[in-house]
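Trainee: Could you take me through one part of this structure slowly, starting from the annotated site and working outward to what surrounds it? I would like a connected account rather than a list.

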Amino acid sequence: MNSYLCILTFVFHVLLVSGSSRNLPILSFDEGYSHLFGNDNLMVLKDGKSVHISLDERTGSGFVSQDLYLHGFFSASIKLPADYTAGVVVAFYMSNGDIFEKNHDEIDFEFLGNIRGKNWRIQTNIYGNGSTNVGREERYGLWFDPSEDFHQYSILWTENQIVFYVDRVPIREIKRTQEMGGDFPSKPMSLYATIWDGSGWATNGGRYGVNYKYAPYVAGFSDFVLHGCAVNPLDQSKCQAAPTSDSVPSGIDGEQQMKMGNFRKKHMQYSYCYDRTRYKVPPSECVINAKEAERLRGFDPVTFGGVHHHGKRRHRTRSTQAKASSI
Ligand SMILES: *[C@@H]1O[C@H](CO)[C@@H](O)[C@H](O)[C@H]1NC(C)=O
């Protein structure tokens, strides 16, 4: 595994220690990303640094990074559509599902729209080596309205750790454990940003579908940071660097841990670790905390309507979805 270590892990270490990403280069859309689907529903703004992706009755839309990355720090500022957004899903995620169909990896931020008057919820999840039978979802409220302004959402991914950040506050840390085995994402992935119709899935387990009376739903993206090792997925040698133990981040620092703890105490609404309906025995990496279990019981344990796979389903147009559901 050490041979996969990227020289940039040194930079990640600095990031971790300082808890900052202030000085990373911000790319224009064309420098880092390409159009993925949805034709005109993806619009690059005049400055070249911001884009709008929208969902209407014809299609959703999305974009994908030009490169695949093995480890790195990836970030975007996102402004979500306002008002009635039930069934709408905006996703900012990493995946290699197009290359490794049977054993893909994934690291997800998913924004789940809501009925009017209720805020967006945000979900994080990972899959490794095609472990789609074990969802590791967590859901949270936020301390701000994410449709009012741009906020920064970031993923740090190293050989042994994944950290999700919102406005530089770490909200979730996943440490690789031996028991997780291949479930920890370990192959190069692309970055994706999409908006799609998650009727039947996204809002209260599919109780509320997308209402196209309120379309188009427009999400803004800007401040693109793609700070990782760009690799050819079939030949990862480009990313080799003399590994030094120093370059491997060991964790987020004390102050960051405290911030993360505070966030999770206040804003976490669901964790797979406490979902006894899905997991009679929690997955091995779960550390069960009685207080947390008690607090999470207070939330409606929404069960999502079946497994949803990223990738193709996400790119489906509405008409093919309608067909699929009428079968
Ligand atoms: C990945 O999954 C395949 C089966 O789909 C398995 O044979 C292989 O050992 C797994 N790899 C790891 C690293 O767990």
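Mentor: Once the neighbours within four places in sequence are set aside, Glu110 is in contact with Val89, Ala91 and Gln123, and it is worth saying at once that we are reading a predicted model here. Glu110 belongs to strand β7, and the residue counts as buried because 21 other C-beta atoms lie within 10 Å, where the cut-off for that label is 20 or more.

The reason for beginning at this residue is an annotation: an unreviewed UniProt entry places the feature "active site" at Glu106 and Glu110. Glu106 is also found in strand β7, which covers residues 106-112, and Glu106 is buried because 22 other C-beta atoms lie within 10 Å. As a general point, side chains in a regular strand alternate between the two faces of the sheet.

Moving to the ligand, the residues around it are Asn103, Asn129, Gly130, Gly181 and Gly182. By class, that shell holds 5 polar residues, with no nonpolar and no charged ones.

Let us now place the strand of the two glutamates in its sheet. Strand β7 is part of an open sheet of 8 strands, paired antiparallel in the order β1-β4-β13-β6-β7-β8-β9-β15, so that, read along this order, β7 stands between β6 and β8. The edges of the sheet are β1, residues 33-37, and β15, residues 268-271, each of which pairs on one side only. On average, and with direction ignored, neighbouring strands of this sheet are turned by 15° against each other. At the β15 end, strand β9, residues 138-140, runs antiparallel to β15 and is joined to it by 3 bridges, and within that pairing Arg139 stands opposite Tyr270 in β15.

There is another sheet to consider, an open one of 7 strands with antiparallel pairing and the order β2-β3-β14-β5-β10-β11-β12. Its edges are β2, residues 42-44, and β12, residues 169-175, and because each has a single partner strand, one side of each is left without a neighbour in the sheet. Here neighbouring strands are turned by 20° against each other on average, again with direction ignored.

Both ends of this sheet can be followed down to individual residues. At one end, β2 and strand β3, residues 51-55, run antiparallel and are joined by 3 bridges, with Val44 standing opposite Val51 in β3. At the other end, strand β11, residues 161-166, is joined to β12 by 6 bridges, and these two strands also run antiparallel; Gln161 stands opposite Lys175 in β12. The hairpin of β11 and β12 has 2 residues between the strands, and in it Asp167 takes a positive phi near 45°.

Finally, it helps to set these parts against the whole protein chain, whose secondary structure comes to 6 helices and 15 strands. Of its 327 residues, 39% are buried, and Glu106 and Glu110 are both buried too. Among the contacts in the chain with a separation of 6 or more, 74% are between residues 24 or more positions apart.

Note on methods
Residues numbered from 1 in each chain as written. Predicted model: local features only at pLDDT ≥ 70, side-chain atom pairs only at ≥ 80, totals over all residues. UniProt positions renumbered as here; feature names shortened; annotations may be inferred. Helix = DSSP H or I, 4+ residues; strand = E, 2+ residues; numbered from the N terminus. Buried ≥ 20, exposed ≤ 12 C-beta atoms within 10 Å, placed from the backbone. Contact = placed C-beta atoms within 7 Å. Near = placed C-beta within 6 Å. Nonpolar A, V, L, I, M, F, W, Y, C, P; charged D, E, K, R; others polar. Axes fitted to C-alpha atoms, helices over the stretch in contact; angles between N-to-C directions.
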